Amino acid sequence: MLVWAPIPFASARVWGAMLLTCLIAILCAAWAIASLTHRARLQQDVWNIARWPLLGLCLVQLWVALQLVHLPRGLLAILSPQADAWHILEGAAPISLDVEATMLHFLEGLTVTGAFFLAIALVNTPGRLRLLLGALVLSGTAQAAYGALMVLTGMEYGFLVEKYAGKGAATGTFVNRNHFAGYLVMCLAAGIGLLLSQLNQRSPSSWRERIRGYLELMLSAKMRLRVYLAVMVVALVLSRSRMGNAAFFTSLGVAGCLLLLTQKRFSWRIPAFLGSLLAVDMMILGQWFGLDKVVERLEQTAPDTEARVEYFGPGLDYVGTFAATGSGGGSFYGIFPYFQPENVKGFLDHAHNDYIEFTAELGFPAALLLLAIFLASAWQAWRALACRHSRLYQGAAFAVLMTSCWVLMHSAVDFNLQIPANSVTFAVMLALAWVARALPVNGSQNRELRQSANQIR
């Protein structure tokens, strides 16, 4: 499912989003049947702490469902005076000002929630955690290779059709190069975390052992993984996405610094590894594949030349008008034109800012709950990085922290989280924070984690 999600235009078409919803629903139903027949069960240590963010996601979806309920006009005027004033017809009316869009948003929200649940339910062994990270790496590599090939050959095909947007830039099977870049950053984070988990911490005792280690590295799975990362970096550069590239290297640096802070004994292997990613991938590969064009685009970026900046003020007015209850999930495209000044041209189907869009459509309470889930997941990833002794769990936590830093930056100027493939992948990455924090090593029970779960309860 994770590999399929980005293939049909990133599941950003209605049919693609609904197909993804059906896939998630089938997987959840299959797990429920397996659980009822005692063939599957939740890992208790993970469930004790991960059920709280899952409950938060369910509450958000419940709120979106309530936005669809037709309420008496008196009650609607109390809950959402703005929605009451905007409804033209008499009689009961919902909080949502676009019922069909909110229904679609509700189903997509259930998809994200289902993906989060499946991650904490199915990733119940270290082997499955490694398998999931590997699946993301293979998916990102396939997308990167396809996107780069289309640009370098000039064929310019997306998903089975000739590209009609983003020509001259790598987009894979995505439509928008920025969303393609965002997906690659998440897959790169998974790959770097997986590679960190395989990093050898023991220094060679002789030159013979050093040479033997180099030869073994050249023939090992780690070298293949390193090549996959290089392919994804090449495609990231070819996407020409300014914030995608800037957020990748910023998030890599921030997560790397956090990793170094958690090390009880300093080792040059970690900064050397992270430095090689920057030096080899950017200075060498990046120069071959047009890093200078990305830098040129960044240098030419100015607030007075960016159309997105013009939408920021009207977007805040939109948020202020529907601050308490929102205008309804998915309703941005239809409501925003009422706040768009005459001198600001263009039509937006999404705000180029996830923070504004979530708050405008869902209201401040729901948006704050989503923010709390994100911050709690990032905190659990930090705790896993600092407290877990397993290199695999530390690598997964590193991937979550890197992804979290990326989304904080990229969501300020784009709408990655409105794209089903990216939102589902992001939900799975957040779920891995709780898995990495609580999953026992080799099935052993961890007394400290049980005490932490008791404190949370």
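For sorting residues, Ala, Val, Leu, Ile, Met, Phe, Trp, Tyr, Cys and Pro count as nonpolar, Asp, Glu, Lys and Arg as charged, and the others, Gly among them, as polar. The exercises below use a predicted model.

**Exercise 1.** Sort the lining of the largest cavity into nonpolar, polar and charged residues.

Solution.
- Step 1: list the lining, which consists of Phe9, Gly158, Phe159, Val161, Glu162, Lys163, Tyr164, Ala165, Thr171, Thr173, Phe174 and Val175.
- Step 2: pick out the charged residues; Glu and Lys belong to this class, and the lining holds Glu162 and Lys163.
- Step 3: pick out the polar residues; Gly is placed here, and the lining includes Gly158.
- Step 4: check the totals, which are 7 nonpolar, 3 polar and 2 charged.
- Step 5: add the volume of this largest cavity, about 80 Å³.

**Exercise 2.** Find which elements give two or more residues to the lining of the second largest cavity.

Solution.
- Step 1: note that the model has 2 cavities of 30 Å³ or more, and that the second largest holds about 30 Å³ of space.
- Step 2: list its lining: Ala17, Leu20, Thr21, Glu108, Thr111, Val112, Pro420, Ser423 and Val424.
- Step 3: match these numbers to the elements; helix H1 (14–36), H5 and helix H18 (420–438) each give two or more residues.
- Step 4: sort the lining of the second largest cavity, which gives 5 nonpolar, 3 polar and 1 charged.

**Exercise 3.** Decide whether His105 is buried or exposed, and name residues that His105 touches.

Solution.
- Step 1: locate His105, which lies in helix H5 (residues 99–122).
- Step 2: apply the cut-off, under 20% relative accessible area for buried. His105 has 13% relative accessibility, so it counts as buried.
- Step 3: leave out residues up to four places away in sequence; His105 then touches Val64, Gly329, Gly330, Glu361 and Leu362.

**Exercise 4.** Describe the protein as a whole: how many helices and strands are there, and what share of the residues is buried?

Solution.
- Step 1: count the elements, 19 helices and 0 strands.
- Step 2: take the buried share, 51% of the 457 residues.
- Step 3: take contacts between residues at least 6 apart in sequence; 77% of them join residues at least 24 apart.
- Step 4: turn to the surface, where about 20,900 Å² is exposed and carbon and sulfur atoms supply 66% of that area.

**Exercise 5.** Find where pLDDT stays under 50.

Solution.
- Step 1: start from the average pLDDT of 87, with 85% of the residues scoring at least 70.
- Step 2: find the stretch under 50, residues 443–449, for which the model has 8 contacts beyond four places in sequence.

Conventions. Residues numbered from 1 in each chain as written. Predicted model: local features only at pLDDT ≥ 70, side-chain atom pairs only at ≥ 80, totals over all residues. Heavy atoms only, no water. Helix = DSSP H or I, 4+ residues; strand = E, 2+ residues; numbered from the N terminus. Buried < 20%, exposed > 50% of the residue type's maximum accessible area, 1.4 Å probe, protein only. Contact = heavy atoms within 4.5 Å. Areas by Shrake-Rupley, 256 points an atom, 1.4 Å probe, with all protein chains shown as cover. pLDDT = per-residue confidence, 0-100. 1 Å grid on protein atoms, 1.4 Å probe; cavity = no way out; pocket = protein on both sides within 12 Å on 5 of 7 lines; lining within 4 Å. Points joined across faces, edges and corners; volume = space filled by probe spheres on them.
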